[in-house]
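Got the viewer open? Keep a selection box handy, and we'll hop from one stop to the next.

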Amino acid sequence: MNNSLGNLMEEAIKLIKKSDNIYIASHVQPDGDNIGSILALGMAIKRLKGKVNIIKVDDIPSDYHFLPGLELIREHDVGQYIDLFIALDSSDIDRLGLGKEFASKADKIINIDHHVTNDNFGHINIISTSSGATGEIVYEFIKKMGVKIDKDIATCLYTAISTDTGSFIYSNTSYKTHLIVAELLKIGIDNNHINVNLYQSRSMERTKLFIDSLNRLEFFLDGKMGIITVTQEMLRDNNAKLEDTEGIVSFIRDIDSVEVACLLKEIDKNEIKVSIRSKKEIDVSKICNKFDGGGHMRAAGCTIYSEIDTAKELILEEIKMTFR
Ligand SMILES: [Mn+2]
């Protein structure tokens with residue numbers, strides 16, 4: 001943790017200590033890092049202040065229902081006075097969805113994130129792009145707050161870090177990641193229980209959607225690129241939800257010839273969510289930037305507002321260009 005980040009953290013902690021009405025929100029379509037981070041920090045603030053408000057922005061995927069502190073995530077009224085809003089793992093304010101309304105009413109915003117594309121929308125911006133997960137930053141933050149990291153908080157942080165580093169195999173995994181996780185294990189968390197919940201609890205609906213999706217896998221550029229599109233019809237046929245597409249894009253990436261893996265999800269007729277992963281060479285955040293999205297070098301996303309076939313053509317074209 002470098003000095004300026006340390007100073008920013010102290011400033012943020014001062015702000016937390018003097019604020020009465022603190023709100024935290026997840027982002028839209030929250031992932032493990034986001035949910036783990038908001039719960040860990042939420043629980044820590046609750047210990048410190050006696051209360052905290054965590055706004056439910058979107059449904060929490062069932063993978064994460066085992067997490068302690070989940071009952072803290074609730075629906076809230078925008079009407080109230082908010083002196084402090086804290087965003088976690090969100091590269092820009094629009095990513096907060098409904099949370100944006102709360103953020104724009106707040107006196108002060110603390111923005112804690114690890115995305116290179118973060119646009120510093122907060123009053124205090126604690127951005128550490130060298131961190132594998134926002135959960136790593138939150139770990140340091142809670143320690144600085146002087147709140148004891150107990151099993152519940154540690155379980156949420158482990159989940160945040162494990163999911164964002166692909167179980168500690170992605171290139172964003174650093175020695176710091178392992179030092180932090182070593183500390184979490186030392187606290188006595190049940191990592192087998194966490195791992196079974198996160199990685200060994202695939203539902204039958206998700207499994208069927210997975211099989212259906214793989215049957216539609218297409219390759220381009222001599223197998224260097226693999227792409228799958230998941231339509232609303234496929235979700236209906238398999239009685240699956242959007243969150244059940246989890247794992248498809250990494251499966252494509254894991255094929256030996258593939259450098260870039262792409263998943264297109266039909267949210268609505270004219271709204272296609274794109275997830276892209278790469279292995280060694282291609283910076284996929286640059287591809288997603290062209291469609292006003294963002295993320296990291298090896299994992300990024302964007303939304304294309306057109307029908308799925310058009311979206312597929314557009315993204316294919318953009319990916320092919322990066323290989324030239
Ligand atoms: Mn993250």
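## First stop: a loop residue with an unusual phi

Start by selecting Q29, which counts as partly exposed at 36% relative accessibility. You'll find Q29 in the loop between β1 and α2. Keep in mind as you look around that this is a predicted model. Now check the backbone: phi of Q29 is near 40°, so a positive value in a residue that isn't glycine. For context, most residues other than glycine have a negative phi.

There is another one to compare. Jump to N120, in the loop between β5 (108-113) and β6 (124-127). N120 isn't a glycine either, and its phi is positive, at about 55°. With a relative accessible area of 44%, N120 is partly exposed.

## Zoom out

Hide the selections and show the chain as a cartoon. How many helices and strands does the chain have? You should get 12 helices and 12 strands. The C-alpha trace spans about 55 × 40 × 40 Å along its principal axes. The radius of gyration is 19 Å, which agrees with the value near 20 Å that a compact globule of 324 residues would have.

Colour by accessibility next: 54% of the 324 residues in the chain are buried. If you like contact maps, take the contacts between residues at least 6 apart in sequence; 64% of them join residues at least 24 apart.

## Strand β1 and its neighbours

Select residues 22-25, which make up strand β1. Are the side chains here buried or exposed? Both faces are covered: I22 and I24 are buried on one side, and Y23 and A25 are buried on the other.

Add strand β4 (residues 84-88) to the selection. Four bridges link β4 to β1, and the pairing is parallel. To see one of these, pick Y23, whose bridge partner in β4 is F85.

Then bring in strand β2 (residues 53-55), which runs parallel to β1 and is joined to that strand by three bridges. Here I24 stands opposite I54 of β2. Trace the backbone from β1 to β2: the chain passes through helix α2 (residues 32-49), giving a right-handed β-α-β crossover.

## The manganese site

Show the manganese ion and the side chains around it. Which protein donors does the ion have? They are D33 (OD), D89 (OD), H114 (NE2) and D164 (OD), at 2.1 to 2.3 Å from the ion. Along the chain, the donors follow the spacing D-x55-D-x24-H-x49-D. Two of them deserve a separate pick: D89 sits in the loop between β4 and α3 (99-105), while D164 belongs to helix α5 (residues 151-164), so this pair ties together parts that are 75 residues apart in sequence.

Check the accessibility of that pair while they are selected. D89 is buried, with a relative accessible area of 2%. D164 has 17%, and since buried means under 20%, D164 counts as buried too.

## A buried threonine in α6

Move to T177 in helix α6 (residues 175-186). T177 has a relative accessible area of 0%, so there is no doubt that it is buried. What does T177 touch, leaving aside residues up to four places away in sequence? Turn on E136, I161, T165, F168 and N172 to see these contacts.

## Helix α8, one side at a time

Select helix α8 (residues 204-214) and look down its axis. Its buried residues are R206, L209, F210, D212 and S213. They lie on the same side of α8, because they cover an arc of only 165° around the axis. Turn the helix over, and the face away from the buried side carries the exposed residues M204 and I211. What do the buried residues of α8 pack against? Show β8 (225-230), α9 (232-237) and α10 (248-253) to find out.

## Last stop: the mixed sheet

From β8, you can pick up a whole sheet. Six strands form an open sheet with mixed pairing, in the order β7-β8-β9-β10-β12-β11. Its edge strands are β7 (218-220) and β11 (294-295), each pairing on one side only.

Finish at the β7 edge: β7 and β8 run antiparallel, joined by three bridges. Pick F219 and G226 in β8 to see one pair of bridge partners.

How values were computed
Residues are numbered from 1 along each chain as its sequence is written. This is a predicted model: local features need pLDDT of at least 70, side-chain atom pairs count only at pLDDT 80 or more; totals for chains, interfaces and linings use all residues. Side-chain values use heavy atoms; hydrogens and water are left out. Buried means under 20% relative accessible area, exposed over 50%, partly exposed in between (1.4 Å probe, protein chains only). Helices (H or I, at least four residues) and strands (E, at least two) are DSSP runs, numbered from the N terminus. Two strands pair if DSSP finds at least two bridges between them. A crossover is right-handed if, with the strands pointing away from the viewer, the path from the first strand over the helix to the second runs clockwise. The arc is that of the directions from the helix axis to the C-beta atoms. Contact means heavy atoms within 4.5 Å. Donors are N, O and S atoms within 2.8 Å of the metal (3.2 Å for Na, K and Ca); water is not among the atoms, so sites may look incomplete. The radius of gyration is taken over C-alpha atoms; the globule rule is 2.2 Å times the number of residues to the power 0.38.
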